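Please load the model into your viewer and keep the selection panel within reach. The stops below go from a strand pairing to a metal site and then to a whole chain.

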Amino acid sequence: MSAKLEITGVYTAYDKADVLEDVSLVAEPGRITCLLGSNGSGKTTLIRSILGLTRPRAGSIVFDGKDITRLRTHKIVKAGIACIPEGRKVFPKLTVEENLRLGAYAEASASVIRTRLESTFEQFPRLGERRQQIAGTMSGGEQAMVSIGRGLMRAPKLLLIDEPSLGLSPRFVTENFGIIRDINARGITVFLVEQNVRQTLAVAHYGYVLSKGRVVAQGPTAELAARDEVREAYFG
Amino acid sequence: MDAGLLAQHVMNGLMLGMMYSLVAVGFTLFFGVLDVIKFSHGDVLMVGAFAALAAYTALAGQALSPWLMLLAILAAAVVAMGLLGMAIAQAFVLPLRTAPALNTLLITLMLGTALREAVRLFYPQGANPKPFPALLPKASIDMGQFNLRADNAIMFAAGILSIVALQLFLKHTKLGLAIRAVAQDEETARTMGINFTMVVLITFGIGSALAAFAGVMNGLYYNEINFGMGLLLGVIGFSAAIVGGLGSIYGAILGGFLFAALQTIGAVAVPFASAYKDVFAFGVVILIMTIKPTGLIREKISERV
Ligand SMILES: Nc1ncnc2c1ncn2[C@@H]1O[C@H](COP(=O)(O)OP(=O)(O)OP(=O)(O)O)[C@@H](O)[C@H]1O
Ligand SMILES: [Mg+2]
């Protein structure tokens, strides 16, 4: 089910200045790999690079043995990647159910989509109760559920998660980390971007620290917690 | 004014409103997926009408029944313009995506002129108005002082049907859902696995096919088409879409019928001549836009597609 993501020597720029410089990292199959870094360090840019939304200027991204660096976004998604994007990005004028169905857009079989929909409603009963509600009218926490559910509807091999707990209450944040653990327990490779250092290091297996577009530290999360670079990246 | 004449005016207004709505819906669809104004839209309508006429000329020797003939030329026009719409999107609209929207407006404005001139110069005697075959039954139902013509009723019903079909397609199919998703958030739609380019092409195909439909309707209604017919229809369709709020299909339909209603009121109420009906209608549209700059249906609260 799961697959490996290998990023090698990636440079990405929006205009002229490079936002990512020579970034190399690996998300091992079946594991949770986290990416830490302060605001503006380039975490979201890396996710955008993986998804082909902002194309790397140089370097390569290989997923499941396949070079996806130059593929168009929908092809990258078809390769088995899903994303829970920064800021949730639910389709505000579509219903909850339509949002979830879009998550499984790459899936051809209507009955498979229906089964996934039902299991999503089982996992998030709140979404089941509100399947016809317009997503833009839901609370922030509920929209986060829609975004997570939508990412899972893809039944991906690799799930990219960008700051899922931003703006959530502490209770929701804890719940979110539980969900991420569950997702991973199903065998899905997870690449997690988070600001919430302590909880992230507790849930992830391996971690990288990004600073000003460069990887400045990496290691098993148990070791990473004690490293100076982690402190610096957040408090320096 | 007697009731019969009034009913005649109302019928005429409804027919015009239907045509305007079909054009306006196209503008709304294009703006939905790509935030652009495709100004050649009215001229695509005109080319559609000429495509239907060309198909008629080609099939004239085949002794087809009028119904079959009508279906054949309608299919020819709709398919040909669907393809032309896709080609225009691929060649002129998508490549300009990163440029200011004004550039798209300008380039499609020029493209419209090119289409118009091409028909004028290359269609046999294209500079002259062309008679359009009357293929619908000529029967009419006598309703006191007013004759309800069967051809008008059929065209109106077909127009309604096509709009309902479009709505059902957008609301209940996977592709329709993809179009609505792209209209709301292109980037996130792409991360759902939606092929953005394909969605844009299909949307432009559908909008242009609707324009072809309106063009054939126009030919059947006036029994005449000419190379310049798309110009005013394009401007009116565009105004209708803008008045409706440029973003909702209902708004576009509302705008289309509103414009036709204004023209009709202009024709009936402006004392000396119906020649002032367009001046009146555009005048009111300008007034509406000054009072409600964002159109009648605000995009924020309405669905964009
Ligand atoms: N669309 C864009 N155009 C130009 N510059 C951008 C764009 N998006 C991001 N940047 C710049 O790239 C740098 C990295 O941004 P990015 O969003 O990747 O950071 P981040 O690590 O995700 O930050 P945060 O923790 O705040 O989400 C920032 O300096 C930002 O200003
Ligand atoms: Mg970010």
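Select A:Leu160 together with A:Phe191 of strand E8(A), and you will find that these two residues stand opposite each other. In this predicted model, they belong to a pairing in which strand E7 (residues 158-162) of chain A and E8(A) run parallel and are joined by five bridges. If you then follow the backbone out of E7(A), it passes through helix H7 (residues 170-185) of chain A before it reaches E8(A), and the β-α-β crossover traced in this way is right-handed.

Next, add strand E3 (residues 32-37) of chain A to the selection, since E3 and E8(A) also pair in the parallel sense, here over four bridges. A residue to pick out in this pairing is A:Ile32, whose bridge partner in E8(A) is A:Val190.

Stay with E8(A) and colour its residues by accessibility: is each face covered or open? On one side A:Thr189, A:Phe191 and A:Val193 are buried, and on the other side A:Val190 and A:Leu192 are buried as well, so that both faces are covered. Because five of the five residues of the strand (residues 189-193) are buried, E8 is largely enclosed by the rest of the structure.

Now move to the magnesium ion (ligand 2) and display its protein donors, which are OG1 of A:Thr44 and OE of A:Glu86, at 1.9 to 2.4 Å from the ion. A:Thr44 sits in helix H1 (residues 43-50) of chain A, whereas A:Glu86 sits in the loop between strand E6 (81-84) and helix H3 (96-103) of chain A, and the pair therefore ties together parts that are 42 residues apart in sequence. A:Thr44 counts as partly exposed because its relative accessibility is 23%, and A:Glu86 is likewise classed as partly exposed, with a value of 29%; the threshold that matters here is that buried means under 20%.

Finally, hide chain A and select chain B, which has 11 helices and four strands. Its radius of gyration is 19 Å, close to the 19 Å that the globule rule gives for 305 residues, so chain B is as compact as a globular protein of that length. Turned along its principal axes, the C-alpha trace of chain B spans about 60 × 50 × 40 Å. Of the 305 residues in chain B, 51% are buried, and among its contacts with a separation of 6 or more, 77% come from residues 24 or more positions apart. With a surface display switched on, chain B exposes about 13,000 Å², of which carbon and sulfur atoms supply 70%.

How values were computed: Residues numbered from 1 in each chain as written. Chains lettered and ligands numbered in written order. Predicted model: local features only at pLDDT ≥ 70, side-chain atom pairs only at ≥ 80, totals over all residues. Heavy atoms only, no water. Buried < 20%, exposed > 50% of the residue type's maximum accessible area, 1.4 Å probe, protein only. Pairing = 2+ DSSP bridges. Right-handed = clockwise from strand over helix to strand, strands pointing away. Rg over C-alpha atoms; globule rule 2.2 N^0.38 Å. Contact = heavy atoms within 4.5 Å. Areas by Shrake-Rupley, 256 points an atom, 1.4 Å probe, with all protein chains shown as cover. Donors = N, O, S within 2.8 Å, 3.2 Å for Na, K, Ca; no water.
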